[in-house]
Amino acid sequence: MSLQRITDSLNALFASHAIVFWHDVDGEFSSTIDNLALDKVNLVRLDELPALKIKIDIERQPDSRWLLYSPQPEPDPNHDWLLDIRLRSKAFKADSTSILLDDLGLASQTLREHLKARAKFLRAKDRVERLKRLVVASDNADDLDRKMLAVLTRADQPELFSILQRLFAALINDGEVDLNTQPKLWQDIVANDLSEAFWQLAKIHLGYAEDEPSLRDLLFRILVTDFGRSLGGEPAESLKHFMLPDRNLAANASVFASRWRSDLAHYVSYNLITAVVGRDLELGLVLGDLSADDLSEVMTFEEVERCIISDLKDRILSGAGAAMDAVFTLIARRRDGHWANQILASANDVSRALAASYDALEAATHFLTLKTQYKDGFSFVSAEAGVTCYQTELFRFDQLYRHFNRATELVEPMGWAVLHELSQRIEATYSGWFIPQLSSAWAKVLEGDAGLLSTWQIPGVINQQHFFRKVVSPLSDDGAKRIYVIISDAFRFEVAEELVQVINSKSRLKAKLSSLLGVLPSYTGLGMASLLPHQTLAYKINSNLDLMADGKPVSSMEQRSAYLAGHAGVAVKAEDLLALGKDKGREFVRDRQLIYIYHDRIDLIGDKQSSETKTFEAAADTVTELTQLVSFIVNSLNGSNVLVTADHGFIYQESALEEADKSALAEKPEGTLRAKKRYLLGQGLGANDKAWSGNTALTAGTEPEGSLDFWVPKGANRFHFAGGARFVHGSAMPQEIIVPVIAVRESESVLAKTKPVSISLLGASNKVVTNTQRFEFIQNEAVSERVLPRSVVISLRDGDKPISNEQTVTFDSASQLLDERKRSLLLTVLSGTYDRNKDYYLIVRDASTKVEMLRVPLKVDLAFSNDF
């Protein structure tokens, strides 16, 4: 130790003590002590002056400072002539071990030999500095070793679990896992003589005590133990030799594995490593004999997730009837687990695909269950009954079909074939059963002398051409100063229903869905024109068949904007309005009473052969974009009256169409002015048995002299397939002509505010007596438009320190039955000694906000163990 370091240490002592004793037992500073630069300190050598003289000198100079140095050990108190002075002094030691004890703030001198044994570690100043931040005065030798291991591995906390996370992560290099490598972190542990301390930690906390221990073996034992403990039965014989032997300590392996995979900073290493371990274990052979029920609580390996998905898929295909409740329960449990976690799905391809797989399974289950309710097909006594039935329930077929296919689109990039059979079943049911059955039933209410085509009126449903007069104008009459009308191209009813759910999940906003009877043919030009304020609507018979409202052209957006100017209004593209931002946006609408906003995503994508297969992706984007647009209008433009509607809907199917889907016309009839896949427009077209026919004067309210005849193919057929045929519109199917209208209002009413569901713990037991214990919770109210689902994280804690694994549970039941709103979970308690008289806590926190929702005091008395 340098003289300067000694000088600094002594000066620090003299700042608070007048007398300092220094017993330099080995006499290593005897020849240099006179060189110390001590300020106004009397240096006395105890080996050169008698004790009495020293006592007299100190007593005569009470305000002086004294350094009493001796190259001898401190004398026995019974023979110490300076004991009275020593008792009011401070001792100083200059050997490196003593300095370390002092620097580290350690109280026990018994650690001197241990620190000497750790000389290799303590040689590095930066390691000592990091160790100082972890050490407390009461630490013993084991505590110091554990904290030295934390320093070497740069663990987040000085405890085994954090150390293991770092060591296992070190098995990965550039994304590649090598389980047989000796990572640099481990080499550092060995080089600093701490490997024995590490294995002792593993023995104490995990019961791992092998003659030839290794990181690879420890890793396998931890993961297989977690796998085996979570199984609903005994693990395979081929894995049992990997199970940690101490059943109580084995619980710690499950807690560690749970923390590792749920740690946002470390889950990537968990995913990579468990993939390799699962492969080396040949896990596929083990899982072949296990059902989804056996694996319901197993979160260890990704391959487990794929096994469960495959099993659930088979159940759904077999149509197990009432067993579908169990399917939904399993899906909910797995979504709360690690591999299909929605939080991780945004940044992880595997999790994204697994989460989408469960979305697909859920949609398929609802779809096929709905089909069983209509196994005999559909029958409507009137058009009114047909529209009501579609709006209340049948639209779910279209929505679930879209959700299923959108989910499978997210799975396809992984190259998995697990959903292939289910995709075939859903496609065959939708395109081969639902659409034909709906077409047949709908044809019966369209055709005939009293059919819808002869009247184009449905009681209680407003015709699209009356939208402004019967929907918009009443808002002005009620005092609305400014009205926003959003028109989204091809925004069909089932997509609108989803948007309503999203909007109503936001506080202050209330969305209500109704519908219009769309114009026929159901195409953009006629639909857009019919939504404008007008007294008359007519075609201009030219090459473009331009639409005229009150004698003015309104076929293009620019023309519609010019036309709306006469009604104190304006037309603008959605993206252009959003680009204005808050201040410029307010300036833009300030002098306008009527703002028509045109949004185009679904039709833009679907109406092109090159992109029509992305129709369902476009529908999902539309919900997102319209949500953002409505929020912008309400929050930035102070819009309090917003209407969202469409020009028409659409029909789409994933499978390629066949000749049977074509209402081929031998030749276009004379007088045809425009021919599309789903409609013909012209003059004097007559009739055709392959088409429904009529005139726009009836179906769109066009002036007699400005009206056109039309043909539209029956059912979901197409006149031709050129230019793409999966995405179509123009005819009279419900998906095309039931046009949604969403009225969005801002409200400060308490009834308009949303809140997440609340939950309660069931059962009166307040004691944990086994290392794995089940807890049951109930969702206090059903999920609705204003009561939102909630994910929570549940654990047992000592203060804020977790003493169990954490479990995520989502409460999202919309059932009015209490039994269907119950959720149970298993918590694994860390093995250890617990004070049976102390309160520990079951704590429930919101998964996103971390706000504590529930804190229940519990006693922990691990009198028993179990083998779950």
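Thr699 is buried in this predicted model, because its relative accessible area is 1% and burial requires a value under 20%. The residue belongs to helix α31, which covers residues 696-699. Setting aside neighbours within four places in sequence, Thr699 is in contact with Trp456, Gln465, Gly518, Val519, Leu520 and Phe710.

Another helix can be examined through its length and its buried residues. Helix α15 comprises residues 267-280, 14 residues in total. At 1.5 Å a residue the helix should span 20 Å, and its end C-alpha atoms are 20 Å apart, so the expected and modelled values agree. The buried residues of α15 are Tyr267, Ser269, Tyr270, Asn271, Ile273, Thr274, Val276, Val277 and Gly278. After α15 comes Glu282, with a positive phi near 50°.

The sheets may be considered next. Strands of a sheet pair through backbone hydrogen bonds, in either a parallel or an antiparallel sense. One open sheet consists of four strands in the order β2-β3-β1-β4, and its pairing is parallel. Its edges are formed by β2 (41-45) and β4 (90-92), each of which pairs on one side only. From one strand to the next the twist averages 25°. Within this sheet, β1 (residues 19-23) runs parallel to β4 and is joined to it by three bridges. Trp22 stands opposite Phe92, a residue of β4.

Two helices accompany these strands. Helix α1 (residues 3-14) lies across β1, β2, β3 (65-70) and β4, and runs at about 175° to β4. Helix α2 (residues 51-60) packs on the sheet and touches β1, β2 and β3. The direction of α2 makes about 165° with that of β3.

A second open sheet has seven strands, ordered β7-β9-β22-β15-β8-β14-β13, with mixed pairing. The edge strands here are β7 (462-463) and β13 (569-573), each pairing on one side only. Inside this order, β15 (residues 641-645) and β22 (residues 738-746) pair in the antiparallel sense over five bridges. The bridge partner of Val644 in β22 is Ile742. Helix α28 (residues 574-589) packs on the sheet, where it touches β8 (483-488), β13 and β14 (594-599). The direction of α28 makes about 140° with that of β13.

A further strand pair is formed by β26 (residues 772-779) and β31, which run antiparallel and are joined by seven bridges. Phe775 stands opposite Leu825 of β31. Strand β31 covers residues 822-828, and five of its seven residues are buried, so the strand is largely enclosed by the rest of the structure.

The aromatic residues offer another view of the packing. A pair of aromatic rings is described by the distance of the centres and the angle of the planes. With ring centres required to lie within 6.5 Å, the count comes to 33 aromatic pairs. One of these pairs is Phe378 with Phe434, which is edge-to-face at 5.8 Å centre to centre with 85° between the planes. The pair links distant parts of the chain, 56 residues apart: Phe378 lies in the loop between α20 (349-373) and α21 (383-411), whereas Phe434 lies in helix α22 (residues 420-446). Both Phe378 and Phe434 are buried.

Phe395 and Phe493 also form an edge-to-face pair, with 5.6 Å between centres and 75° between the planes. This pair likewise links distant parts of the chain, with Phe395 in helix α21 and Phe493 in helix α25 (residues 493-504), 98 residues apart. Phe395 counts as buried because its relative accessibility is 2%, and Phe493 counts as buried because its value is 4%.

Ring pairs also join residues into a wider group. Phe367, Tyr374, Phe378, Phe397, Tyr401, Tyr430, Trp433, Phe434, Phe616 and Tyr652 are linked in this way into a cluster. The buried residues Phe378 and Phe434 are therefore among the members of the cluster, given that their rings pair by the centre-distance rule.

Some rings carry a charged group over the face. The charged end of Arg127 sits over the ring of Phe121, at 5.2 Å from its centre. Arg560 lies over the face of Tyr598, 4.6 Å from the ring centre.

Technical notes: Residues are numbered from 1 along each chain as its sequence is written. This is a predicted model: local features need pLDDT of at least 70, side-chain atom pairs count only at pLDDT 80 or more; totals for chains, interfaces and linings use all residues. Side-chain values use heavy atoms; hydrogens and water are left out. Rings of Phe, Tyr and Trp (its six-membered ring) pair if their centres lie within 6.5 Å; planes under 30 degrees apart count as stacked, over 60 as edge-to-face and the rest as tilted. Buried means under 20% relative accessible area, exposed over 50%, partly exposed in between (1.4 Å probe, protein chains only). A charge sits over a ring if NZ of Lys or CZ of Arg is within 6 Å of the ring centre and within 35 degrees of the ring normal. Two strands pair if DSSP finds at least two bridges between them. Axes are lines fitted to C-alpha atoms, for helices over the stretch in contact, and angles run from 0 to 180 degrees between N-to-C directions. Contact means heavy atoms within 4.5 Å. The expected span of a helix is 1.5 Å times one less than its number of residues.
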